[in-house]
Amino acid sequence: MTHAESSALSPQTIVPAELPTPLGESTPAQREQYLTTLVDIQAQLLSISSPRVQDWIDPILELLGRVSGASRVYYYEMKVVASQPGSDQFKARQLAEWTAKGIAPTLQEPIFQNIPVNAVFPDWLESIEQTGLVNLTWDQFTSEQRQLLCMPPINTQSLLLLPILVKGLFVGLIGFSNCLAARRWESSELALLRVATAAIALAIERQQAETALKQAEEKYRSIFENAVEGMFQSTPEGRYLTANPMLAKLYGYASPADLMANLTDIGQQLYVDPSRRQDFMRQMALEGAVLGFESEVYRQDGSIIWISESARAIFDDRGWLTGYEGTVEDITQRKQGEVEGWRRDRLLRGVAEASRHLLTVGQLEAAIPQVLATLGLAADVDRVYICENHAHPVTGLLAMSLRHEWTQSGIAASISQAHWQNLPYADYGLERWYRAFAQGQSVQGIVRHFPASEQELLSQDDILSILMVPIFMDGLLWGYIGFDACHLERQWSGNEESTLVAIAASLGGAIKRQCTEEQMRYQAFHDALTGLPNRTLFNRQLPLAIDHACQLEQILGVVFLDLDRFKIINDTLGHAVGDQLLQQVTQRLVQQLRTEDIIARWGGDEFTLILPNLQSPDNAAQIAQRISSALRPVFQFDSHELHISSSIGIALFPQDGKDLTTLLQNADAAMYRAKEQGRNNYQFYTTTLNSQANQRLTLENSLHHALERQEFVIHYQPQINVDTGRVIQVEALLRWQHGELGLISPQTFIPLAEETGLIVAIGEWVLRQACHQSRRWQQAGLLDLRIAVNLSARQLQHPSLVATVKTILRESDLQPQNLELEITETAAMRDVESTIETLQALQQLGVRISMDDFGTGYSSLSYLKKFPLHGLKIDRAFVWDVAENAQDRAMVSAIIAMTRGLHLNVVAEGVETQDQLICLRSMGCVEMQGFLFSYPLPAEEMTAYLTASLGEEELSTLS
């Protein structure tokens, strides 16, 4: 260190007048003064009462300062702020100080209130740890220490630091600073000052111990006075020696003194069961303690609570029992919770068992009694029941009826009481119940707290308490399940209520499931449109009816009924009208049957009947006649007046068959026979009908192979202009040349082809053959000849029809205007919008469109004008009697007039006589087709016919 540095850091010398001059080695007088001071310090330390050092150390610091000749004596508190292995981090805070006169105090200096000891004085800490003190002059300080301690107004020239150790812990230090001279304290002084410091440390330790003891006493006193458990000491004879306030409170006494004064016999006054005191003492004798000793006890007001005692026996020095001490806990709520838990567990098990019944028992009606009995026992009630909401049968008001009930033995049933059947909610003011149910809330409570009107109702069944939980199905209030207590008043807990809400939900689900199953079962066995049994149910009922008839040796009738021409109505007027017609037909059919008769919708427009208990076949005939008569009156639908008839086939058990299959087949065969007989009649089965049915089946099977076997042929029939004699068009007519059955009429196989769907492929084949033949005729010189081809209903609705026609025209090289496609009214009206769209597409190709068999269907004129038609063909039914029948003539005349108004070409088909020709010609129809001109001919013969006709026409032209 340079001289300049030493001068700059040297402390300023301030010499107070009163400051004693410190000496080197102590003299006897000084030693005596030290000893006297130590005695004074000891006396003061013995009289301190505050645990805070700063409250009593100032006089002691003064004594030490005066005897040591120090300029400043101070006390620092040491705090460990961080602990690390091998070293602690200390912060020092000055708590007290004595200064000689003229010496500046440092107690208020902020820097001495938070000194980081390890950072500034690490060497001093090391010195204290090794030597137990720091005894230095200013020139032994580090630069940082001199900056802190030696500069004015501190001016420290030397210092002595003695640690305060309490139980081996460094808790503080006593410091001595000399601001007048830089001298170290001598060993004789150090020894005496260390004695003083040790005395101070002992005083601090003693105060800490006294403080801790006092705090412990206060703590335990507070615990005793404020404990949440009762505390006691009692004699073996059963008197309380001490008791805390909580024990008095538990037992219902005003104070511990009140308790000890009045409760003088624990065994007889406290325990509900006096033997519990003997049990308590017996366990004490065996084990010396009791833990969790639970008993019911009386409170001062006579009420009963549950307590749990934990105590130990107290013995004197001789080992004699002097009493007991321990704690008491009120466990009433826990016991009530255990009881409630047991009840809840029992209820939960009951609800689970009830739910299992609902799931495993197939029929709800069978499950409900088990469910209610299980719930009644689990809920510990006297009556359980289910009420259903419904409209009152007379007034229509919302009402309830008790549907199911279970009662304990000795409890009167309510289900038989009139006041629980068809009970309107408006009666007895029960709208409150309904409002709560509708909001998903239960209604529960003690009945005497209910409104008077409700009490009046419930008292009729001796109900003291009630819980009613709503039952919902698909979000709608279906009813409720009720629980009655008739012997004791009770309140249901929230847990119990929520558990029973769960079973109410399960009941709602079970009721919904039953309704769904019933609906599904009904739908599975009934026709959705008519409500009649369907084929499945009929097939189940017929064997039963056969068995019954066999046992009683009775005649049983099986009937097949088919509505005549229903398909035409359905296709023409639409399915909506067809469905309405079926519903009204069903009503009329049912009205004609006997109670024991069974009718089912077999499918489409077919019905089947079972006629049991027939005395003779005439009984079946009479029923068939009633059915025919019932269908005769007109059916009215908005602007439509419809007539319908039926074809009925009857087979009788046992003569026509003894099993379901045979009877149905034979009734079906008889029904087809009725159709062949002109419809609108009934036929009994005969053995000859079997062969006809077999023929039909054989025909249908053969039809599937007719195309690949090339059994179809086309015959052609000309259409003639009678004014010119010219053939204007040739119609292609399909024929079936069966390999074994020969030539089969179209009236026989075309309906079969329609039913099976084969008509689409067959129709395409006809169209292709006809177009190619027409092109060959054109190539032979018959240039203006058109070919006409019939389209079936299925073909007309087929999505690829237009593309097929276009392809065939291209393949055959036939001009579109040389092709005319004929459609029937029935086919056109099946789907009007689709028909219009298809016909317009065909018209865009250039193909002609005509309506065949006009007058036999149900087409509307408003639709007729929307169809892009080129012509109409008057059906042969009107042509047959046109010469003799005025009505037919009027009809034909009207059709011809209409076609003129619509600018359509008209052709009369089925012309067979000269009279028909003359009559039609007179009405303005000049284009005709029929046997009068030519029968349908094979292609070769038609070629010859056309060639001859062309020659005659040329001769006629030349002439």
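How much surface does the protein expose, and what share of it do carbon and sulfur atoms supply? Show the surface of this predicted model: about 46,800 Å² is exposed, with carbon and sulfur atoms supplying 52% of that area.

Next, switch to the C-alpha trace and align the view with the principal axes. The C-alpha atoms fill a box of roughly 190 × 95 × 50 Å. The radius of gyration is 61 Å, where a compact globule of 959 residues would have one near 30 Å. In cartoon view, look for 33 helices and 34 strands.

Colour by burial. Of the 959 residues, 47% count as buried. Among contacts with a separation of 6 or more, 62% are made by residues 24 or more positions apart.

Now select the charged side chains. There are 74 positive and 113 negative ones, and the centres of these two sets lie 2 Å apart.

Hide these and turn to the interior. In soluble globular proteins, nonpolar side chains tend to be buried together. Here the largest nonpolar core has 78 residues; select L819, L821, F867 and L920, which touch the most other members. Then add helix α24 (residues 759-779), which contributes seven residues, the largest share of this core.

Centre on F867. Apart from neighbours within four places in sequence, F867 is in contact with A828, M829, V832, T835, I836, L839 and M851.

Finish at a second core, separate from the one just visited, with 39 residues. To find this second core, select Y34, A70, W98 and A100, which are among its members.

Definitions and conventions. Residues numbered from 1 in each chain as written. Predicted model: local features only at pLDDT ≥ 70, side-chain atom pairs only at ≥ 80, totals over all residues. Heavy atoms only, no water. Helix = DSSP H or I, 4+ residues; strand = E, 2+ residues; numbered from the N terminus. Rg over C-alpha atoms; globule rule 2.2 N^0.38 Å. Buried < 20%, exposed > 50% of the residue type's maximum accessible area, 1.4 Å probe, protein only. Contact = heavy atoms within 4.5 Å. Areas by Shrake-Rupley, 256 points an atom, 1.4 Å probe, with all protein chains shown as cover. Lys, Arg positive; Asp, Glu negative; His and termini not counted. Charge placed at Lys NZ, Arg CZ, Asp CG, Glu CD. Core = buried A, V, L, I, M, F, W, Y, C linked by side-chain atoms within 4.5 Å.
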